[in-house]
Amino acid sequence: MLTESSPDKTLLLQIKEDNSLAFDLLFERYWEKLYQAANARLNDDAIAQDIVQEIFIKLWQRRKVLEVQLSLEYYLLSAVRLSVMGHFRSQKTNDIRMQDALRRVTYLEDSIESHTDYLELERTLEHAVNSMPEMLQKVYQLRSENLSVKAIAGQLGLAEQTVKNYISEVLRRLRQTIIEKHPEKHVTYIAVLAALLHK
């Protein structure tokens, strides 16, 4: 019997068998987290909700052929990132923040050859960041969500120079990891990393 504590893999298997209860449980488990991830990047409640809704619709539509290689949470958060990129790319606005995001998204898409490469880089960064001290993790997360050095400093109660030092240390560690894990692609991946964090 399915419950709120049923593992993701169990729910996914049941969803493939057209079990709508399993889908509802999965929706309730991840809706808020995905919405927060989308809204942090968009700062637009309605669009964030639409993006998450569309992700779940597609998940249901593709349930028969869906293959999740990593954790479901990682799969869904990657879907949020890609959807947000698509949204920025489709917008035509003079807003500086939107234009900056569009520039970085376009650079990333031009630099990385495929969706598989993008997920490979995301996976490498996630593992590397998770092994860092907590403060470095926080700075990386906020920076990747398009916050300025000043905004990060205010949110974490740090001096702006301290934040800059943390960002430099995060970049140093991530560059080293990328060179070790992806020597054949490290030039492209490091360039993308710099574009994502140097705003």
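Contact here means heavy atoms within 4.5 Å. The model is predicted: local features need pLDDT of at least 70 and side-chain atom pairs pLDDT 80 or more, while totals for chains, interfaces and linings use all residues. Residues are numbered from 1 along each chain as its sequence is written, and side-chain values use heavy atoms, with hydrogens and water left out.

**Exercise 1. Overall make-up**

Task: State how many helices and strands the protein has, what percentage of its residues count as buried, and what percentage of contacts join residues at least 24 apart.

Solution.
- Step 1. Helices (H or I, at least four residues) and strands (E, at least two) are DSSP runs, numbered from the N terminus. The protein has 10 helices and zero strands.
- Step 2. Buried means under 20% relative accessible area, exposed over 50%, and partly exposed in between (1.4 Å probe, protein chains only). Of the 199 residues, 41% count as buried.
- Step 3. Taking contacts between residues at least 6 apart in sequence, 59% join residues at least 24 apart.

**Exercise 2. Helix α1 and the residue after it**

Task: Find which residues of α1 are buried, and describe Asp18.

Solution.
- Step 1. Asp8, Leu11, Leu12 and Ile15 are the buried residues of α1.
- Step 2. These residues line one face of the helix, because their directions fall within an arc of 100° seen down its axis. The arc is taken over directions from the helix axis to the C-beta atoms.
- Step 3. Lys9 and Leu13 are exposed on the other side of α1.
- Step 4. The side chains of Asp8 and Arg29 are joined by a polar contact of 2.6 Å. Such a contact is a pair of N or O atoms within 3.5 Å; within protein, one must be able to donate a hydrogen and the other to accept it, and residues adjacent in sequence count only if both atoms are side-chain atoms. Beyond four places in sequence, Asp8 touches Leu26, Arg29, Tyr30 and Leu72.
- Step 5. Asp18 sits in the loop between α1 and α2. Its phi is near 70°, a positive value in a residue other than glycine, and Asp18 is partly exposed at a relative accessible area of 38%.

**Exercise 3. The nonpolar cores**

Task: Identify the residues that touch the most other members of the largest nonpolar core, and the helix that gives its largest share.

Solution.
- Step 1. A nonpolar core is a set of buried Ala, Val, Leu, Ile, Met, Phe, Trp, Tyr and Cys residues joined through side-chain atoms within 4.5 Å.
- Step 2. The largest core has 29 residues, and Leu34 and Phe56 touch the most other members. The elements giving two or more residues to this core are α1 (8–16), α2 (20–42), α3 (45–61) and α4 (72–90). Its largest share, 12 residues, comes from α2.
- Step 3. Not counting residues up to four places away in sequence, Leu34 touches Val52, Phe56, Leu76, Leu77 and Val80. Apart from this core lies another, of 22 residues, among them Met132, Val170, Leu174 and Ile178.

**Exercise 4. A buried residue of α9**

Task: Decide whether Ile167 is buried or exposed, and list its contacts beyond four places in sequence.

Solution.
- Step 1. Ile167 lies in helix α9 (residues 160–181).
- Step 2. With a relative accessible area of 8%, Ile167 is buried.
- Step 3. Leaving aside neighbours within four places in sequence, Ile167 is in contact with Val139, Arg143 and Val149. The C-alpha atoms of Ile167 and Val149 are separated by 9.1 Å, and the two residues are 18 residues apart along the chain.
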